[in-house]
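Student: I should like to understand the terms used for this structure and how each is justified. May we take them one at a time?

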Amino acid sequence: MRDWRKYLDPRALSRIGRLELKARLIVEGYISGLHRSPYHGFSVEFAQHREYAPGDDIRHVDWKVYGRSDRFYVKEYEEETNMRVYLLLDVSESMDYGPPGGLTKAAYGRHVAAALAFLALRQQDAVGLTLFDDQVRTMIPPGGTRGQLQTVVSALEDVAPARPTALGDVLAQAASDIRRKSLVVIISDVFDDLDAVQAGLRRLRHRGNEVILMHVLAEDELAFPFTRMTRFEGLEGTGEALVEPSSLRKAYLAEIEDFTAQLRKRCRQDRTDYVLLSTAQTFDVPLATFLAARARSRAR
Amino acid sequence: MMLALTFLSPGSLFLLGAAAVPIIIHFLARRRWRVVRWAAMEFLLRAMRRQRRRLRFENLLLLALRVGAIVCLALAAGRPVGEQDLLPAAAAQRRGVIVALDASYSMLYQEAGRSVLDRGRELAKDLLAKLGSGDRLVILRAGEFTDPVFDDRVTDDARLRAREIIDMLAPAHAAMDVYALLREIARSAAEIAGEGLSARAVVFTDLQAKDWLRPGRKSDPKIGESLQALARAGTALEVFDLGSLNRLNLEVCDLRIDRTLAAADVPVIVQGAVRNYSAEDAAGIAVDLIADGRQVQGRTLASVPAGETRAVAFRHTFRDAGVHSLALVLTTDALATDNSRYLAVNVRKVVNVLLVDGAEAAEGRDRATFYLEAALSPLGDSLGEALSPFRVETVPLSRLTAAALEGKDAAVVADADRLAMAGPLKELLARGGAVLVFLGPNVDADAYNRDLLAAGDGGAALRLLGPAGDPGLRLGVKLRPKALDHPFVQFFVDRDDVRLDGADVWRYVRVEAGEGARVLAVYSNPDASPAIVELSRPQGSFVLVTTTADAAWTNLPKWPDFVPLVHELLASMTAPGGADRNLLVGWPFARAYPAAAYAGEVRIRAPQGGITVTSLRNAGEGAQGDFRLAYDKTDEAGLYEVTLLRQSTIDPLLRERYPEKDLFAVNLAGGEGDLTPAGEAELRAAYGDAAPRVIAPGEGRADAQVARNRQREFWRPLLWAMALLFAAEAFCATLFGRRQR
């Protein structure tokens with residue numbers, strides 16, 4: 001039996017070329033684990049039974065009915081079609097950082113975005129995508145058609161990070177562009193002014209959107225594992241520094257921790273879901289976060 | 001303690017260049033880096049801004065620790081030795097410091113053109129420079145006695161004075177008395193403690209074992225008690241061993257002539273001895289005999305083995321009467337002071353002796369004076385020189401008249417039935433002459449007693465009791481010396497060539513010696529009967545021998561020892577006080593001069609040229625009394641010249657008898673030339689924890705000794721320091737997060 005869950009590991013996915021396939025594998029891997037997961041049943045809602053036919057997924061056989069009637073019936077679920085999901089992916093230059101041999105933050109973000117799009121579309125949600133740096137570069141309006149996934153994945157594959165970030169401005173713009181209540185998923189390293197970011201998030205929330213901030217940081221940015229004398233050249237023109245890393249590790253990590261703590265605190269203030277993602281982390285966390293937020297959004 | 005470092009292996013100091021390695025690595029590391037394009041730059045820069053000071057401090061600290069460790073290693077490889085400044089320069093509180101300089105003459109040992117004392121002076125002045133204003137400084141001159149030569153608070157002016165005193169401090173021709181030194185240190189320390197200051201004593205010495213320890217390297221109880229008292233009082237005592245590593249030294253340890261009485265034109269044997277205090281044999285040692293300031297003879301000793309003494313002898317003839325000087329001088333070695341020894345000799349003209357034969361009927365060998373004539377008039381040698389200072393004339397007792405004694409210095413009466421003491425002999429004694437009496441079978445004891453009594457001037461102190469001993473002349477007794485400090489007896493003491501107790505005496509006259517009579521020798525019978533008795537007299541000299549001068553009662557005259565016995569007896573009687581001309585350092589010179597011949601002033605010239613003018617103290621009454629000269633400034637070894645002022649009224653014929661020049665010799669006590677050092681371990685073994693801390697000389701060549709005497713090697717502490725610095729570096733690097741995990 002194929003173990004889908006291995007595709008939740010970014011390292012396992014690195015050998016697979018197509019993003020669409022990767023997205024599918026991620027979601028399948030995730031879904032396969034839901035049988036033992038508290039998230040079971042969040043994604044789809046039961047509608048009716050029908051008689052089993054060859055080719056049906058045996059997992060959908062209703063065994064209780066079989067016990068009572070001695071006939072095989074499978075459950076049919078009512079798929080939702082009215083959820084609008086906006087995926088906002090940061091493709092600024094700072095997202096182009098990743099450890100040698102590992103995923104860059106941008107690549108990790110692409111995987112997450114693709115997987116979320118696949119998951120959302122599979123659950124009959126309409127999915128839109130916005131790629132931005134200091135301004136919106138690509139915007140795909142939400143759609144739930146079969147070709148929407150292809151459109152989204154194509155846009156994601158065309159990403160070439162090169163410009164600085166202006167997340168606050170982009171969020172402000174997104175808040176004004178999104179006219180219906182939606183689930184907004186922001187995937188970014190949030191290397192921007194926190195006050196502007198918080199203002200943008202607040203505006204999104206005020207419009208009644210459910211907002212998830214997926215804060216993606218590279219594994220190195222969270223651990224700072226450098227030992228040799230290193231010249232750090234800032235992406236997005238943020239300067240450079242010649243550093244003996246071991247002497248500065250403690251102070252740097254304190255700065256990063258302070259930054260993430262600040263960001264988490266501000267998100268909590270505005271009831272924005274915040275999840276910190278490392279590029280070494282498996283993809284089930286963002287998917288679970290997404291589903292929880294989706295359920296919460298539907299309950300309102 | 002402040003240190004000035006020098007290095008025994010300075011070549012290894014090139015390793016100091018390695019100290020630059022951490023610095024070079026630091027800069028090289030900054031030139032070799034990898035580039036990382038970094039997104040979270042803002043946080044990195046913020047961390048750098050916040051940590052800049054700390055990072056700089058940490059970097060500098062780590063760099064300093066690494067450089068320091070390498071410097072310590074390089075310095076240790078150079079075998080650094082530190083000259084101790086003796087005092088902690090940083091000590092803020094006032095101190096009391098006692099500086100003692102060994103002023104014994106062994107400190108004059110020369111090395112590389114400088115004496116040990118010079119080095120001591122230099123160190124003492126170094127120490128002086130380290131004292132702060134208000135400190136109390138005591139400087140002690142430690143010789144036979146210990147004298148405080150400076151005691152004051154330290155000021156700029158006092159410092160100058162103290163330096164001058166140290167420079168002027170002259171060595172004594174004596175040994176250092178350690179006990180006296182420690183007592184003086186304790187006294188000064190108590191005074192210092194009384195002012196609430198801590199006392200510290202520093203002794204600069206050559207640390208001779210003979211001064212600090214008893215023979216056999218045993219402890220001296222008095223020194224031990226003094227050290228313990230100092231320790232109890234909390235007085236820190238440090239001894240700087242400045243002694244040479246070589247410590248090669250030869251000493252002229254003896255100089256004498258072979259008889260008490262020297263006479264003009266009569267050769268004497270000058271006997272000297274050279275001792276080698278070194279641990280190595282000395283060969284080809286040139287020894288010169290100096291007479292009256294002129295070198296007269298020389299000898300070369302083939303070898304003087306280590307630790308042994310070798311005798312040297314010269315035959316010398318004084319050509320005229322008067323006081324003459326002799327000096328035995330060695331080829332100069334590193335310690336010149338003990339290379340000479342001096343002797344003052346009162347050379348008489350020929351001593352005229354009248355022998356009085358009491359046994360008038362006898363002839364040949366049976367004559368009472370036969371052996372005396374032989375002893376006092378030996379045959380001349382092949383050179384035709386006389387061997388005896390005595391000129392002898394013999395008369396029978398019946399012809400003992402004043403005319404017979406005219407011009408005689410002494411009379412020897414043998415086996416006379418009585419003494420004519422009230423007659424010519426008394427006159428001889430009155431004019432300072434000598435009377436030597438041998439008894440015998442003819443003696444009438446009662447007549448002798450009457451004559452002695454009639455002679456007055458102490459004659460009553462002696463009473464003859466009658467013959468004693470073995471009438472059969474078979475059981476003999478021996479002579480035993482008694483008055484060991486008498487010049488006559490001293491001649492026989494500790495000699496192998498002549499002896500007093502060789503012959504047998506079968507018969508003698510028992511005598512009773514009262515107050516005023518001094519027994520010089522006794523017989524070996526149970527009641528120790530007097531054998532030779534001297535009467536104490538204001539003028540002249542009277543000695544009684546209670547047996548015969550012939551072979552009637554004793555075989556003594558047939559023994560070779562009879563010659564020196566008679567010679568020395570007569571010499572001591574006719575040249576009284578001769579031994580007093582030869583003194584040791586510190587002994588007073590005392591001598592009587594006839595008041596009739598001399599005025600009351602005398603001038604004394606010391607060996608180094610110092611002149612003392614003093615007055616003669618009148619010890620008698622009228623023209624018959626004596627002036628007595630007492631001079632105690634005999635602290636230099638050498639020859640002292642005494643210039644007397646003769647009375648202008650003195651008969652020109654008597655001027656030769658009362659010369660205007662006199663002379664005496666002062667010699668070193670000896671033993672100070674033994675430079676064998678006492679090490680700290682020996683002192684500690686002898687005195688335990690109370691032993692002083694000894695700063696010992698290092699090893700190596702003698703010309704490096706000056707520095708090493710006060711040096712300690714510091715490579716061990718440096719290695720420890722290096723290890724500590726490396727450990728500190730590792731700790732700090734871990735603490736600062738510089739260690740790669």
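Tutor: Let us begin with pairing: two strands pair if DSSP finds at least two bridges between them. Helices (H or I, at least four residues) and strands (E, at least two) are themselves DSSP runs, numbered from the N terminus. With that in hand, B:Val413 stands opposite B:Val437 in β24(B). This is a predicted model, in which local features need pLDDT of at least 70 and side-chain atom pairs count only at pLDDT 80 or more, while totals for chains, interfaces and linings use all residues. Residues are numbered from 1 along each chain as its sequence is written, and chains are lettered from A and ligands numbered from 1 in the order in which they are written.

Student: What makes β23(B) and β24(B) a pair?

Tutor: Five bridges join β23(B) to strand β24 (residues 434-438) of chain B, and the two run parallel. The definition asks for at least two bridges, so the strands count as paired. Another bridge partner in β24(B) is B:Phe438, which belongs to B:Ala414.

Student: Which strand is joined to β23(B) by bridges from β21?

Tutor: Strand β21 (residues 351-357) of chain B is joined to β23(B) by five bridges, again in parallel. There B:Val356 has B:Val413 as its bridge partner.

Student: How do you know where the sheet containing these strands ends?

Tutor: The open sheet has eight strands in the order β22-β21-β23-β24-β30-β29-β28-β26 (chain B), with mixed pairing. Its edge strands are β22 (390-396) and β26 (479-481) of chain B, since each pairs on one side only. From one strand to the next, the twist averages 20°; axes here are lines fitted to C-alpha atoms, for helices over the stretch in contact, and angles run from 0 to 180 degrees between N-to-C directions.

Student: Which helix lies across this group of strands?

Tutor: Helix α12 (residues 562-574) of chain B lies across β21, β22, β23, β24 and β30 (541-545) of chain B, and runs at about 150° to β24(B).

Student: Why is strand β23 of chain B called mostly covered?

Tutor: A residue is buried if 20 or more other C-beta atoms lie within 10 Å of its own, exposed if 12 or fewer, and partly exposed in between, with C-beta atoms placed from the backbone. In β23 (residues 410-414) of chain B, five of its five residues are buried. B:Ala410, B:Val412 and B:Ala414 point one way and B:Ala411 and B:Val413 the other way, and all are buried.

Student: Why is B:Leu207 called buried, and B:Ala528 partly exposed?

Tutor: B:Leu207 has 29 other C-beta atoms within 10 Å, so it meets the limit for buried. B:Ala528 has 14 and therefore falls in between the two limits. B:Leu207 lies in the loop between β9 (198-205) and α6 (209-212) of chain B, and has a positive phi of about 50° although it is not a glycine. B:Ala528 is found in the loop between β28 (517-523) and β29 (530-535) of chain B, with a positive phi near 45°.

Student: What makes B:Arg684 partly exposed?

Tutor: B:Arg684 has 15 other C-beta atoms within 10 Å, so it too lies between the limits. Its place is in helix α13 (residues 680-687) of chain B.

Student: How many residues of chain A are in contact with chain B?

Tutor: Two residues are in contact if their C-beta atoms, placed from the backbone, lie within 7 Å. By that rule, 29 residues of chain A are in contact with 27 residues of chain B. The largest share of the chain A side, 10 residues, comes from α9(A). In addition, five bridges join β8(A) to strand β2 (residues 34-38) of chain B, and these run parallel. In that pairing, A:Arg231 stands opposite B:Val35.

Student: Where in chain A is confidence lowest?

Tutor: Confidence is expressed as pLDDT, the predictor's own value for each residue, from 0 to 100. In chain A, confidence is lowest in strand β1 (residues 45-51), at a mean of 61, and highest in strand β6 (residues 183-188), at 92. Over residues 35-44 of chain A the pLDDT is below 50. Where pLDDT is low, the predicted coordinates should not be read in detail.
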